[in-house]
Amino acid sequence: MAEEDGCSSMTEPQFEAGGKTAADGMMSTADSITSSESGQNKTDKVDLESSVELEDVRDFNLRQEDVVRQELFQNEVEDDDGDSGTAYFNPDMAGTQLQRAERIGDASLPDTFQTNELLYYERFKAYQDYMLGDCKTSEVKAFTADYLEKVLEPCDWQAQWCTDVFDVLVEVVDVNYKELKAHVKLVVPLQCETRGCELTEEAMNTLLEATLHKVPLQELRVVFDESGDFDQTALALEHLRFFYKHIWRQWDDEDEDDDFDYFVRCVEPRLRLFYDILEDRVPAGLVAEYYSLLARCSQKFQEFSSLRNGISSDSESELDNVSMVEGLRMYEQMEALKRKLRIIENPLLRYVLGYKVNSGQQSCRAKGPRASGGRMVHVVSVSTTVSQLQSLMADKLGPKFSGEEFEVQFHSEPLLAVSACYEGDVVIILPGQYNVTSSISIPDSISVEGFGLPDEVVIEKKNKGDSFVESTGVDVKISNVKFIQHDAIEGILCVRQGKLEMENCVLQCETTGVIVRTSAHLTMNMCDLYGSKGAGVEIYPGSVCSMMGNGIHHCKEGILIKDFADELDTMPKITMVNNVIHNNEGYGVILVKPSDAAAVQGEAAQEDTPSDEQLDKEGKEEIKGEGKLRVDVDAPVIVVDECSVKEPVSYASCSVVLPEFTEGNDAIKRELVATSAKKQRRQKSRLKELGVTQADDNLLSQEMFVSIQDNQFRRNGMGSFGTFLY
């Protein structure tokens with residue numbers, strides 16, 4: 001059987017490697033016996049009893065060797081923990097090792113094997129070790145056919161032929177491995193389940209005759225058999241079916257990088273993305289964008305292939321020339337879509353670049369002001385004491401909200417209070433531990449205040465979701481609250497648009513931290529953020545971010561500043577004063593930006609586009625003044641403001657700060673200034689190419705106001721500042 005061959009092919013090398021110690025021991029015993037024999041021969045004192053004893057010792061050693069071999073073989077099988085490739089089954093274990101997939105609905109069809117719930121590492125090992133190995137893209141079909149030929153039962157097994165219209169029981173009489181098809185015959189009497197149609201035995205036979213009794217292997221599901229003889233056949237078909245449904249792309253055959261390992265370049269990242277999506281590790285918006293890009297790329301490839309097939313290679317007609325131009329345009333569009341797909345499929349690029357559109361729709365729209373013109377104070381408390389109410393009235397409600405336009409409403413959960421808010425409302429959360437199970441979306445301009453210290457007012461998210469707190473309001477304020485995150489995909493707090501001011505808050509992250517999207521504005525003062533497995537704060541192009549007196553620590557990266565290759569994406573406007581960024585795994589601050597090659601490629605690499613060396617020469621003249629750095633006229637004015645904050649409050653109480661803890665400030669300023677200047681010079685050069693000789697100053701006046709001073713960088717794993725080129 002193919003199953004036995006597969007098992008022996010895997011376990012024999014493992015036994016040889018694992019049995020060396022036992023074999024060495026037996027060899028040493030044999031050597032000692034041999035040496036004793038030689039000694040006896042030398043003295044010529046060999047008698048019959050010693051010969052019999054020698055044979056007994058040899059027989060005993062052979063029996064021990066067999067025992068050791070059996071034990072080692074059994075241990076190797078037990079150690080192979082769920083490998084669903086071709087050789088993980090224990091040949092000594094009787095019966096099937098797969099589960100039964102019971103049918104729901106028509107009971108006339110037999111059950112099949114349950115194979116569609118394999119784990120990531122099971123599929124990974126099957127593709128890497130057995131099916132694809134280190135094959136090139138052009139060799140995928142040949143390697144797949146060879147793999148199937150080794151593990152599939154060649155004939156005499158039953159399966160369900162499953163399509164969108166029907167499921168019917170057939171028997172496989174032969175397999176064409178190169179075509180990935182099976183020659184089948186209908187099982188009589190007819191056993192089938194239809195969807196939206198009626199099928200008879202005669203009609204099914206007619207259909208099989210039309211297909212020459214050949215059906216794709218991917219459409220076959222092996223009928224469950226307790227003997228275990230068809231386990232590997234069922235698994236092999238599952239790996240084949242999954243590969244062509246979720247991994248293989250129509251355009252992979254035409255990949256120009258055919259010299260590279262197809263598994264490493266395509267299979268592994270796509271397989272990882274599939275399971276990341278399955279396990280809710282990718283934002284819903286990014287998932288939707290990925291599948292949209294995939295559908296658009298497939299459609300564009302079909303259109304391109306149809307157009308290419310219609311062009312005659314030796315024709316010089318005007319119609320063919322037009323078609324060739326159209327084909328080139330479609331090819332460029334398809335390549336652009338493929339690049340976007342590769343960015344999302346690559347785990348590192350998916351993390352550092354994210355995606356520039358809003359991932360997920362706004363959960364609720366802004367309500368605006370109340371029709372009556374009044375405002376509401378929402379008090380949140382599960383239970384409270386009289387003294388707390390008196391303190392609330394004396395310290396908060398009486399002095400600030402005693403006007404006639406204010407009303408008071410009580411809630412038991414913060415989510416209910418925020419959902420009930422209109423523009424201008426205030427949410428006051430009394431001390432307590434509040435658990436929420438869904439995201440908190442803030443679409444209106446409201447204020448959320450904790451009545452007490454942050455450690456006394458705790459909001460904890462228990463289950464998974466794209467984000468924890470999502471702010472889209474024009475002017476939102478949050479203060480004196482501690483947020484505890486669990487399994488949020490997109491961050492503990494995401495400012496998608498509008499402005500958010502945070503003060504004296506604690507952000508305990510588990511996955512990712514604060515995200516400031518393009519065109520959004522974040523002001524973060526006197527906050528403590530820690531525990532992010534990504535960056536503590538992610539700042540997107542075109543955003544405004546002001547951070548003063550914060551602590552950002554024990555994250556993978558402290559602050560991540562993103563810059564995309566598109567020249568329309570402007571650098572963010574950043575203020576960083578008196579922050580303490582410490583004990584992060586990577587850099588304190590990291591800038592992600594395109595490499596020079598990517599920047600040129602993003603601009604279509606036109607011949608007249610100046611090189612980076614030329615751009616650098618244009619911007620060498622710098623004029624330094626008090627607190628300001630100005631670049632020449634070919635670049636927009638970039639201002640480094642050193643005096644924007646009056647008496648900033650330090651996060652850590654240190655009377656004297658050593659120079660090595662603050663030297664990262666200048667490095668960050670220099671890199672941000674240089675990156676912004678180069679991008680703006682490229683933009684102006686691009687406008688000149690388009691014939692715009694006198695550009696509107698407003699188009700190029702995107703000043704990057706940077707105030708970076710008195711920040712402390714301590715004990716970050718890779719240093720205070722670094723750059724990542726993609």
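**Exercise 1. Work out what the surface and the interior of this predicted model look like overall.**

Start outside: the accessible surface of the protein is about 36700 Å², and 50% of it belongs to carbon and sulfur atoms (Shrake-Rupley method, 1.4 Å probe; for residues, only the protein chains shown count as cover). Now go inside: of the 726 residues, 46% are buried (under 20% relative accessible area, 1.4 Å probe, protein chains only). Two housekeeping notes. Since this is a predicted model, local features need pLDDT of at least 70 and side-chain atom pairs pLDDT 80 or more, while totals for chains, interfaces and linings use all residues. Numbering runs from 1 along each chain as its sequence is written, and side-chain values use heavy atoms, leaving out hydrogens and water.

**Exercise 2. Find the largest nonpolar core and say which strand gives it the largest share.**

Step one: the largest core has 65 residues, and Phe 483 and Ile 559 have the most contacts inside it (a core is a set of buried Ala, Val, Leu, Ile, Met, Phe, Trp, Tyr and Cys residues joined through side-chain atoms within 4.5 Å). Step two: its largest share, four residues, comes from strand S11 (residues 426-429) (strands are DSSP E runs of at least two residues, helices H or I runs of at least four, numbered from the N terminus). Step three: another core, of 54 residues, lies apart from it and includes Val 170 and Tyr 275.

**Exercise 3. Describe how S11 is placed, face by face and partner by partner.**

Faces come first: Val 426 and Ile 428 point one way, Val 427 and Ile 429 the other, and all are buried. That fits the general rule that side chains in a regular strand alternate between the two faces of the sheet. Next, the partners: S11 runs parallel to S9 (residues 375-380), with four bridges, and His 378 sits opposite Val 427. Four bridges also join S11 to S14 (residues 447-450), again parallel, with Val 426 opposite Ser 447. Pairing here takes at least two DSSP bridges between two strands.

**Exercise 4. Trace the open sheet of eight strands and explain its edges.**

Read off the order: S12-S15-S18-S21-S24-S27-S30-S35, with parallel pairing. Then look at the ends: S12 (432-436) and S35 (712-714) each have a single partner strand, so one side of each lacks a neighbour in the sheet. Finally, zoom in on one pair: S24 (residues 528-530) and S27 (residues 551-553) share three bridges, and Leu 529 stands opposite Ile 552.

Note on methods:
Buried means under 20% relative accessible area, exposed over 50%, partly exposed in between (1.4 Å probe, protein chains only).
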